[in-house]
Amino acid sequence: MVPVMTTTGGFQPVFCTIVPPHVLDRLAQHEDSGLAAPARRTLERDALERTRRRLTTVIGAPAAAPPEHTAGKPYRTVYDAGHQESLPGRKVRGEGDEPGQDASVNRAHAGLGATFELYRTAYGRDSIDGKGLPLDATVHFGQDYDNAFWNGDQMVFGDGDGEIFLDFTIPVDVIGHELTHGVTQYTANLAYFGQSGALNESLSDVFGSLIRQYTLGQTAADADWLIGAGLLAPRVTGKALRSMKEPGTAYDDDVLGKDPQPSTMDGYVNTGRDNGGVHINSGIPNRAFYLVATALGGNAWERSGQIWYDVLTGGGLEAEATFADFARLTVAAARTRYTEDGEEQDAVLKAWEQVGVPAS
């Protein structure tokens with residue numbers, strides 16, 4: 001699948017969810033209907049959203065920042081779907097409003113702000129489009145909806161089923177992950193299939209993790225490098241949806257099965273499912289970033305994150321880029337921003353070598 005050109009000269013945004021289809025597929029087949037039914041409803045809704053994105057032939061101009069918006073400041077609006085599936089729902093909190101009694105609303109509002117702040121402070125980016133795009137989110141979407149997604153226009157959060165997944169506003173890295181799909185949409189616009197799709201997912205994991213680390217004030221050594229920690233219900237044998245440090249170890253559960261992510265190209269999964277395994281093979285570039293960040297030390301959003309951000313936004317990343325294409329660009333970015341044969345370039349080269357991706 002290649003990006004679809006629209007009549008406005010841009011590209012059609014993809015529909016991206018935090019919980020991979022292969023996880024929901026397995027859950028939907030469970031003999032306990034109490035576990036299977038929410039997963040089936042989630043899969044049906046996700047399929048509908050994908051169809052809507054595919055049928056959208058015109059995006060139109062990006063939403064303009066409202067007159068009262070100040071450059072470099074977020075403009076957030078949170079809506080409540082009331083467990084229905086109509087978007088955006090009822091407005092419940094705007095920019096500058098005080099926190100209310102609904103924890104999901106407050107977490108969504110804070111997560112939008114944390115994402116905005118990391119991109120602004122670390123990379124000088126004004127919202128996800130670089131032009132002050134307002135950030136909208138809907139909470140309490142659907143009935144026991146087991147996912148969160150970016151639909152090309154806004155964030156949407158389900159409450160989870162309470163048995164396998166908890167409220168999707170809980171992990172701030174989930175919010176950052178999904179909003180970063182928006183950043184990718186406005187920059188490299190990576191095709192959501194195969195290796196380019198896995199890079200799309202990996203970049204969202206990378207910056208989602210960096211947003212969490214920035215929010216908590218963690219160094220690369222302090223961070224747990226998990227994606228979605230706190231999202232799995234107590235009955236699940238697992239710690240998160242994915243591990244960037246140790247892909248394939250995030251969960252090993254009798255209901256969800258075992259985390260299938262490979263950590264090197266030796267384990268690369270060739271599949272026609274999940275758009276060519278975009279949520280599975282993303283473990284390979286994820287681990288490469290972890291290795292760079294921990295080798296360089298300090299705050300991962302600084303040198304390591306800057307290199308990745310330079311590649312994402314630099315204009316040289318093709319829509320159908322492979323892992324090797326991306327790796328080579330990170331080496332070049334490290335050399336350009338820092339010094340040739342410096343520790344940054346060395347760390348990047350060694351990381352890609354460790355995961356089996358040629359970078360030179």
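Is Ser304 buried or exposed? Keep that in mind for a moment. One caution before we start: this is a predicted model.

Ser304 sits in helix 8, which spans residues 303-313. Its relative accessibility is 2%. Buried means under 20%, so Ser304 counts as buried. What does Ser304 touch, leaving aside residues up to four places away in sequence? The contacts are Phe289, Val292, Ala293 and Leu296.

Now the sheet. It is open and has 6 strands. The order is 1-5-6-4-2-3, and the pairing is mixed. Which strands stand at the edges? Strand 1, residues 16-17, and strand 3, residues 90-94. Each has a single partner strand, so one side of each is left without a neighbour in the sheet.

Look next at strands 5 and 6. Strand 5 covers residues 148-150, and strand 6 covers residues 155-157. They run antiparallel, joined by 3 bridges. Phe149 has Val156 in strand 6 as its bridge partner.

Two helices go with this sheet. Helix 3, residues 103-123, packs on it. That helix touches strand 2 (76-80), strand 3, strand 4 (135-139) and strand 6. Its direction makes about 150° with that of strand 2. Helix 4 takes up residues 172-186. Helix 4 lies across strands 1, 4, 5 and 6, and runs at about 20° to strand 5.

Last, the record. An unreviewed UniProt entry annotates residues 188-357 as "domain: Peptidase M4 C-terminal". In the model, that span is 46% helix and 5% strand. Its end C-alpha atoms lie 20 Å apart.

Key: Residues numbered from 1 in each chain as written. Predicted model: local features only at pLDDT ≥ 70, side-chain atom pairs only at ≥ 80, totals over all residues. Heavy atoms only, no water. Helix = DSSP H or I, 4+ residues; strand = E, 2+ residues; numbered from the N terminus. Buried < 20%, exposed > 50% of the residue type's maximum accessible area, 1.4 Å probe, protein only. Contact = heavy atoms within 4.5 Å. Pairing = 2+ DSSP bridges. Axes fitted to C-alpha atoms, helices over the stretch in contact; angles between N-to-C directions. UniProt positions renumbered as here; feature names shortened; annotations may be inferred.
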